[in-house]
Amino acid sequence: MSLGAIVLGAALGYASIIFKVEGDPLVDKINAILPQTQCGQCGFPGCKPYAQAISKGEAEINQCPPGGEEGIRKLADLLGREFQPLSEEHGVEKPKSVAFVDESTCIGCTLCLQACPVDAIVGAAKQMHTIVSSLCTGCELCVAPCPVNCISMQPIQENVDTWKWPYPRFIFAQAGVNAERRAV
Amino acid sequence: MLQQLFRFHGGVKPPYHKEGAVTQPIAEAPLSAEYVIPLQQSIGRPPEPIVKPGEKVLRGQIIGSGLNAPAIHASTSGTVKAVEMRRIPHTSGLAALCVVIEPDGEDKWFERIPFDYRNASIDKARAFLREAGIVGLGGAVFPSHQKLNTGKSGKLDHLVINGAECEPFITCDDVLMRERGETMIRGIAILRELVRAENVLIGIEDNKPEAIAATQAAIDKLSALGENTAGMRVVAVPTRYPAGGAKQLIRVLTGIEVPHGKRSTSYGVQCFNVGTALAIYDAVALGQPLISRIITVAGNVERPGNFEARFGAPMRDLVALAGPRPDSNRIVMGGPMMGVSMPGDEVPVVKATNCILVGSPKLFPPPPPEMPCIRCGACAFACPSDLQPYEMYWFARARNFGKAQEYHLFDCIECGACAYVCPSHIPLVDYYRFAKTEIWAHERDNAAAERARARYELRTQREEREKAEKVARLAAKTAAAHEQALVAAAEQAPAEPPIIDHVPPEPEIEAMRLKIREMAKTTPPEEE
């Protein structure tokens, strides 16, 4: 019996070393749902810190405006929590936008470069800056630091590649149903 | 010789409606007042415009070129009026970048250089077809140069030429085979050498006896002239929609069922449309790039017919040639089964336009109201792709896209057979198109989020490293200062005890040095 206990204990100990899970898998799952805008509207310095806070129970699941209602629903599903509407103090859901630098006004101060959480702005001191719009997450963190107010948020325009078929109109044949009833 | 034929699953038999247009010979459409040529006419990244407003262009000159995209050419000679956003033939009614050409009426060709395909490598041939702008003219406009791979064995067993033309109203391939059979067969011969195919099977639905006879006569004539037509066979296939789907026709002619996610070349088969074969002849033998095609104009018109039309011409010009009836209210690009509604009649004709169908409330009455699905399974019996349309409908309607994909939504060819047989008049294909575009949007969002996450993590790491380096630099500086002070104190008063009262003991300094060295070593190298 004790021999068995020792063998099994050794096996378990060995397994815990071999199959050690790096990091917290729950944090990664939560982080995968978050939109990775890195905007900090949730009150944490990025999506991952917010994910860590949720997994520790330090934050609610309704603090992410870019994720919107859909994101809250997915988090509620994952964590088995109740759905709750987006918390107003953290912001409102907005149409997806990207930042745009008015290049004639830009003075090249590099403040927006330091603010961008995903390094989507290129430029150097006293050189014009510009935003790589395909990398911009629309977090708006660069808007406030700009001393000359040359950064504006522009909603993303739909094009032929991103256009989505509308949801088909769903009309039950009321008239038909009534006619059948009459026939009966 | 008798050819054993196979059956594909499902299919429907809608009325043909092909009678009117085939009685007329192919007519050349006159020059339009303006050509609006969209740059994106096939899948992939759109080509970049390489002309500027005000520039003179010649017929067949390249005006748009991209890395792997088939080139776009000027349809006629004239002046580039603008390179701007114009409405394109897309259901959304959205605009895309187009080159607008004002014809000068001379219609002068750019230099036409035939291609010596026999003495060229396959890569050269691919590049040539891409430069000539050749795409599949059956309607899916897949770049032809990307189809020139011959699989692992370096050759194909069967080259399938698609002349089935199964969709009602459309007759452009029918008249092409009747009138231009010889040129088409020459094109097929070139294509066959390019893909090194042993047999060529030309599949034509048996409701087109004239096309079958004309194609056979063309083969006989060319073989009498001593051209290589060995192994070319015309095969009449049973008329059943959608026999003209590539996978369906391959199945009928060869019995090979290309499975989910596989390419037909892995099974030694490749399929091209008859119009593509003709375009390949024009490009290879005559040096003429793809700037026009045969288009059926049918539906609610007085004189339905087939027209050789240049790309970029407004659809209304072609419709006018066929004499639309006064009650016409809409234009559909393609046939009644797979066609899509056009946002207006000014949109240009493109490479994908095989048919312009003019509709009226009488010809295409609004669909009866949608009724609940009764799970009768009629759609599953009709599906030529062996799918379960009612399940996919159910999940698409509930926006449960993951489940819809599990039921192989992306194997759906949107042929419309399921919606055609549905007793509840459910617009099934609309639900699938909705689900597909939603899934693509999700995939784009996920890819963008993944990119943002990676970049954010890199940035965080970099910031941490910079902080550590700063600390290390500072520590090194302080340590050096202490050492100097110690040395100075020792020199000044060797017998006296040190003046500085808070000098750390020697082992502590040594430890600090070690730590700094360690830090310098473990600092990750620059990522970017």
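Two strands pair if DSSP finds at least two bridges between them. The exercises below apply this to a predicted model.

**Exercise 1. Determine which strands flank β10 of chain B, and in which sense they run.**

Step 1. Strand β9 (residues 156-162) of chain B pairs with β10(B) in the parallel sense, over six bridges. Within this pairing, B:Asn162 has B:Gly203 in β10(B) as its bridge partner.

Step 2. Strand β11 (residues 232-237) of chain B is also joined to β10(B) by six bridges, and these two strands run parallel. Here the bridge partner of B:Ile202 is B:Val234 in β11(B).

Step 3. The connection can now be traced. From β10(B) the chain crosses through helix α5 (residues 209-224) of chain B to β11(B), and this β-α-β crossover is right-handed.

Step 4. As to burial, β10(B), which spans residues 197-205, is mostly covered, with seven of its nine residues buried.

**Exercise 2. Establish why strand β12 of chain B is described as largely enclosed.**

Step 1. Strand β12 comprises residues 269-273 of chain B, and five of the five are buried, so the strand is largely enclosed by the rest of the structure.

Step 2. The two faces may be examined separately. B:Val269, B:Cys271 and B:Asn273 are buried on one side, and B:Gln270 and B:Phe272 are buried on the other.

Step 3. A partner strand is β9(B), which pairs with β12(B) in the parallel sense over five bridges. In this pairing B:His158 stands opposite B:Val269.

**Exercise 3. Give the strand order of the open sheet of four strands in chain B and identify its edges.**

Step 1. The order is β2-β8-β7-β4, and the pairing is antiparallel.

Step 2. The edges are β2 (35-38) and β4 (56-57) of chain B; each has a single partner strand, so one side of each is left without a neighbour in the sheet.

Step 3. At one edge, β4(B) pairs with strand β7 (residues 78-87) of chain B over two bridges, in the antiparallel sense. B:Val57 has B:Gly78 in β7(B) as its bridge partner.

**Exercise 4. Describe the largest nonpolar core and the surroundings of B:Leu428.**

Step 1. The largest nonpolar core has 127 residues. Those with the most contacts inside it are B:Ile161, B:Ala277, B:Ile295, B:Leu318, B:Ile356 and B:Leu428.

Step 2. Helix α7 (residues 274-286) of chain B gives the most to this core, contributing eight residues.

Step 3. When neighbours within four places in sequence are left aside, B:Leu428 is in contact with B:Cys379, B:Pro389, B:Tyr393, B:Cys418, B:Ala419 and B:Cys422.

Step 4. Another core, of 14 residues, lies apart from it; A:Cys112, A:Val118, A:Cys136 and A:Cys142 are among its members.

**Exercise 5. Classify B:Arg453, B:Ile26 and B:Asp116 as buried, partly exposed or exposed.**

Step 1. The cut-offs come first: a residue is buried if 20 or more other C-beta atoms lie within 10 Å of its own, exposed if 12 or fewer, and partly exposed in between.

Step 2. B:Arg453, in helix α13 (residues 428-492) of chain B, counts as buried because it has 21 C-beta neighbours inside 10 Å.

Step 3. B:Ile26 lies in the loop between α1 (19-22) and β1 (27-28) of chain B. With 16 C-beta neighbours inside 10 Å, B:Ile26 counts as partly exposed. Beyond its neighbours within four places in sequence, its contacts are B:Val175, B:Glu179, B:Ile294, B:Asn306 and B:Glu308.

Step 4. B:Asp116 lies in the loop between β8 (95-103) and α2 (122-131) of chain B. B:Asp116 has 10 other C-beta atoms within 10 Å and is therefore exposed.

**Exercise 6. Locate the buried side of helix α2 of chain A, and characterise the side of chain A that touches chain B.**

Step 1. In α2(A), residues 25-33, the buried residues are A:Ile30, A:Asn31 and A:Ile33.

Step 2. They cover an arc of only 155 degrees around the axis, and therefore lie on the same side of α2(A).

Step 3. The buried residues of α2(A) pack against α3 (47-56) and α4 (68-79) of chain A.

Step 4. Turning to the two chains, 24 residues of chain A are in contact with 24 residues of chain B. On the side of chain A that touches chain B, the residues divide into 14 nonpolar, seven polar and three charged.

Conventions
Residues are numbered from 1 along each chain as its sequence is written. Chains are lettered from A and ligands numbered from 1 in the order in which they are written. This is a predicted model: local features need pLDDT of at least 70, side-chain atom pairs count only at pLDDT 80 or more; totals for chains, interfaces and linings use all residues. A nonpolar core is a set of buried Ala, Val, Leu, Ile, Met, Phe, Trp, Tyr and Cys residues joined through C-beta atoms within 7 Å. Two residues are in contact if their C-beta atoms, placed from the backbone, lie within 7 Å. A crossover is right-handed if, with the strands pointing away from the viewer, the path from the first strand over the helix to the second runs clockwise. Ala, Val, Leu, Ile, Met, Phe, Trp, Tyr, Cys and Pro count as nonpolar, Asp, Glu, Lys and Arg as charged, and the others, Gly among them, as polar. The arc is that of the directions from the helix axis to the C-beta atoms.
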